[in-house]
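Student: Hey, I've just opened this one up and I don't know where to start. Can you walk me through it?
Tutor: Sure, let's have a look together.
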Amino acid sequence: MAEIEIDGAPADPARLAALGLLNYGHFTTLRAEAGRVRGLALHLDRLVRDCRVLFAAELDRAAVRERIRAVLPADGAPVIVRVTVYDPELGLERPGAPAVPRLLLTTRPAAVAAPGPLRVRTVGYRRELPEVKHVGLFGLVHHRRRAQLDGYDDVLLVDPDGGGVVEGATWNVGFLDGRRLVWPDGPSLPGVTAALLADAYGGPQSRERVDASGLGRFTAAFAVNAGVGVRPLAAVDGTAFDPAHPVLAELAAAYGEIAADAV
């Protein structure tokens, strides 16, 4: 079961309800094991950067790190930690009031077994402030739900203005064209896992426009996020990919070898 705290204390129902009622804030999600996190500095960078964008406030990196450390299990078991930054005192009538951001932390057990390949469909959708990992998830959850009701696992977002692939619902996406690793260029969240993997992978790679109508030129595709690492895509719409492509195993191995930082 998930554990929830606000600024180090058990979450007060009224302060917790404020996040649901206003739905204004930002977060990062990380996987911790044995007190260590891959890309910890990048997660902290994201929180500090997004806090400036949404609240015009400076976030104390050391305080965030301390709170993460405090919620990790003593036995070092793998967990997913979500750090949400929001101000429970802001209201719908005056969201422009001076903000005092608070830290809401939740933990849940991390999956041990690697999940299977994803079958996804494309949807024309652009998140508001795509460069920010904000809590406005309604559109993503709505499209994911509709896709799952139609037999898919998830959705791949396509820029409605240009038809270029940008990102998955809650993950970044990469493609293999037989020679290179290709990252789509477009308005998307700069993912921590994607950045780590791009640095760790030794093969050729590029960032370029990827047309949703031209996915047949790729031999394999994959999703990346902090919760699962590298996860193959079996198909996008009617285009099938090889979920057992050997380069996917290389990518997973490269990610697994990235040194994790002590919290």
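Tutor: One bit of vocabulary before we start: Ala, Val, Leu, Ile, Met, Phe, Trp, Tyr, Cys and Pro count as nonpolar, Asp, Glu, Lys and Arg as charged, and the others, Gly among them, as polar. Also, keep in mind that this is a predicted model.
Student: Okay! So how do the residues lining the largest pocket split by class?
Tutor: That lining has 20 nonpolar, 12 polar and 10 charged residues.
Student: And what's the volume of that pocket?
Tutor: The largest pocket comes out at about 940 Å³.
Student: Which residues lie nearest its centre?
Tutor: Look for Thr29, Lys133, Thr170, Trp171 and Asn225, out of 42 lining residues. Elements giving two or more residues to this lining include strand 3 (26–33), helix 4 (138–149) and strand 13 (220–225).
Student: What about the second largest pocket, how much space lies in there?
Tutor: About 470 Å³. Its lining has 24 residues, and Arg31, Gly227, Val228, Gly229 and Tyr255 are the ones nearest the centre. Strand 3, strand 4 (36–37), strand 14 (229–236) and helix 6 each supply at least two lining residues. By class, you get 15 nonpolar, 4 polar and 5 charged.
Student: Switching topic: how many cavities of 30 Å³ or more does a search of the whole structure find?
Tutor: The search turns up 1, with about 30 Å³ of space in it.
Student: Which element gives the most to the lining of that cavity?
Tutor: Helix 1 (residues 13–22), with 3 residues. Among the lining residues are Ala18, Tyr24 and Asp87.
Student: Now the helices. At what angle do helix 2 and helix 5 pack?
Tutor: Helix 2 (residues 40–55) and helix 5 (residues 192–200) pack at about 140 degrees, and their axes are 10 Å apart. That angle makes helix 2 oblique to helix 5.
Student: Is their crossing left-handed or right-handed?
Tutor: Right-handed. On the helix 2 side, Leu42, His43 and Arg46 meet Val192, Ala195 and Leu196 of helix 5.
Student: And where helix 5 crosses helix 6, what's the angle?
Tutor: Roughly 100 degrees, with the axes of helix 5 and helix 6 (residues 246–256) coming within 9 Å. The two are therefore roughly perpendicular to each other.
Student: Which residues make that contact?
Tutor: Thr193, Leu196, Leu197 and Ala200 come from helix 5, while Leu251, Ala254 and Tyr255 come from helix 6. They divide into 6 nonpolar, 1 polar and no charged.

Note on methods
Residues numbered from 1 in each chain as written. Predicted model: local features only at pLDDT ≥ 70, side-chain atom pairs only at ≥ 80, totals over all residues. Heavy atoms only, no water. Axes fitted to C-alpha atoms, helices over the stretch in contact; angles between N-to-C directions. Helix = DSSP H or I, 4+ residues; strand = E, 2+ residues; numbered from the N terminus. Parallel < 35°, antiparallel > 145°, perpendicular 65-115°, else oblique. Left-handed = near helix turned anticlockwise from the far one by under 90°. Contact = heavy atoms within 4.5 Å. 1 Å grid on protein atoms, 1.4 Å probe; cavity = no way out; pocket = protein on both sides within 12 Å on 5 of 7 lines; lining within 4 Å. Points joined across faces, edges and corners; volume = space filled by probe spheres on them.
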